[in-house]
Amino acid sequence: MAYEFKNLVFQGGGVLGIAYSGAIQVLEEQEILKNVRAVAGTSAGAISALALALRYNAQQIQEILVSTNFEEFLAEPRPLEFTKMYGWFRTEPVLNWLKELIKKCGMNFHPEMDWTGEETFLQLHERGARDLLVYATDLNTKKAVEFQYKTTPNTMVAEAICASMSIPAFFQAFKFSKSEPNDHIYVDGGALLNYPIMAFDKGGVNDRTLGFKFQKTELVPMSKDLDFGNIRDWVKSLIDTVADSQSEMIRRTPEYYRRTVDIDTGSISFVDFDLKKEEKEFLIEQGILYTEMFLHKYKRMRNPFYKILSLFSR
């Protein structure tokens with residue numbers, strides 16, 4: 001069976017995004033990836049979207065995510081700047097990592113292209129990357145903003161993704177270095193649009209879009225003992241509450257189920273930046289498992305004999 005997916009969407013989820021490398025492995029094995037033209041994502045989901053836009057293959061993406069020490073993203077705490085910059089950790093380590101990811105993608109494109117890491121959305125489009133859509137929250141306008149080559153052509157891709165990853169209070173709020181597209185203050189896209197499954201729904205629901213998001217299990221502890229003095233737990237509870245409310249609304253739409261892979265991440269939190277090797281492997285395996293399960297069901301539902309049998313079983 002030939003799958004018809006042309007667009008991929010990735011939910012935000014901090015370090016849980018490692019699971020996407022397992023999902024991407026399955027997409028490559030099933031020859032779905034070769035037909036993908038556009039990708040979209042919020043926060044950590046934007047990282048996977050970026051890697052695919054830059055045409056890294058499944059093995060490369062997995063190697064990048066497994067080898068990355070995410071604790072280095074927290075290498076520059078600035079508690080004394082909290083009331084000025086609205087966050088505990090500086091975003092520079094994240095931004096530098098993103099620029100390096102872009103800079104190293106040259107091997108996937110024409111050898112004469114010079115990649116600096118500061119490419120704009122328009123430059124990625126002109127160089128043959130997959131179309132990339134990234135979402136962040138503009139606190140000045142109080143709206144979710146979509147970054148892409150048509151609407152924000154001169155915006156630096158690495159900066160847009162860094163803005164999309166700026167977890168409120170955890171990371172410092174983000175401003176674009178050259179005021180491009182503006183000088184507004186941005187935070188994590190997940191504050192308003194953590195799962196942009198509607199990114200490619202122009203004129204109606206697009207069934208050629210396949211989305212990936214995370215689901216929780218009963219193994220995730222509730223924050224009943226949350227109290228003052230622990231900013232990490234406070235941020236975790238705040239973002240989880242916002243994300244859960246968004247997920248609940250999305251689940252009420254029937255088109256959600258037929259185009260979303262729900263990956264069970266067990267008890268691992270999106271802010272567990274000190275993930276052990278076995279935890280990373282667990283997330284990858286879950287990405288593989290739940291993507292295979294979804295595609296199996298997808299194939300069965302589109303089998304004409306199954307459709308006939310389902311009519312008689314009603």
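The largest cavity holds about 170 Å³ of space. Its lining takes in 15 residues, and G14, V15, A44, I47 and M165 are the ones closest to the centre. Helix α2 (residues 44–53) supplies the largest share of that lining, with three residues. Sorted by class, the wall of the largest cavity comes out as 11 nonpolar and four polar residues, with no charged ones. The model is a predicted one, and three cavities of 30 Å³ or more turn up in the structure.

Next come the pockets. The second largest pocket has about 340 Å³ of space. Three elements each give two or more residues to its lining: α9 (254–258), β9 (260–264) and α10 (277–301). Of the contributors, α10 gives the most, with six residues. The lining of this pocket counts 14 residues, and Y257, R258, T260, F294 and K297 sit nearest the centre. As for chemistry, the second largest pocket is lined by eight nonpolar, two polar and four charged residues. Charged side chains thus appear in the pocket lining, whereas the lining of the largest cavity has none.

Helix α10 also turns up in the helix packing. Helix α1 (residues 19–29) packs against α10 with the axes 6 Å apart and an angle of about 40° between them. The pair is therefore classed as oblique. The crossing of α1 over α10 is right-handed. On the α1 side, the contact involves A19, S21, G22, A23, Q25, V26 and L27, and these meet L283, I284, G287, I288, T291, E292 and L295 of α10. Taken by class, this contact has eight nonpolar residues, five polar ones and one charged.

α1 has another helix partner in α3 (residues 58–67), where the axes lie 9 Å apart and the angle is about 170°. Because angles over 145 degrees count as roughly antiparallel, α1 is roughly antiparallel to α3. The residues that meet here are S21, G22, I24, Q25 and E28 from α1 and A58, I61, Q62 and L65 from α3. The α1–α3 contact splits into four nonpolar, four polar and one charged residues.

Put side by side, the two contacts draw on some shared positions of α1. S21, G22 and Q25 are among the α1 residues that meet α10, and S21, G22 and Q25 also meet α3. A23 and V26 are listed among the residues facing α10, while I24 and E28 are among those that meet α3.

Key. Residues numbered from 1 in each chain as written. Predicted model: local features only at pLDDT ≥ 70, side-chain atom pairs only at ≥ 80, totals over all residues. Heavy atoms only, no water. 1 Å grid on protein atoms, 1.4 Å probe; cavity = no way out; pocket = protein on both sides within 12 Å on 5 of 7 lines; lining within 4 Å. Points joined across faces, edges and corners; volume = space filled by probe spheres on them. Helix = DSSP H or I, 4+ residues; strand = E, 2+ residues; numbered from the N terminus. Nonpolar A, V, L, I, M, F, W, Y, C, P; charged D, E, K, R; others polar. Axes fitted to C-alpha atoms, helices over the stretch in contact; angles between N-to-C directions. Parallel < 35°, antiparallel > 145°, perpendicular 65-115°, else oblique. Left-handed = near helix turned anticlockwise from the far one by under 90°. Contact = heavy atoms within 4.5 Å.
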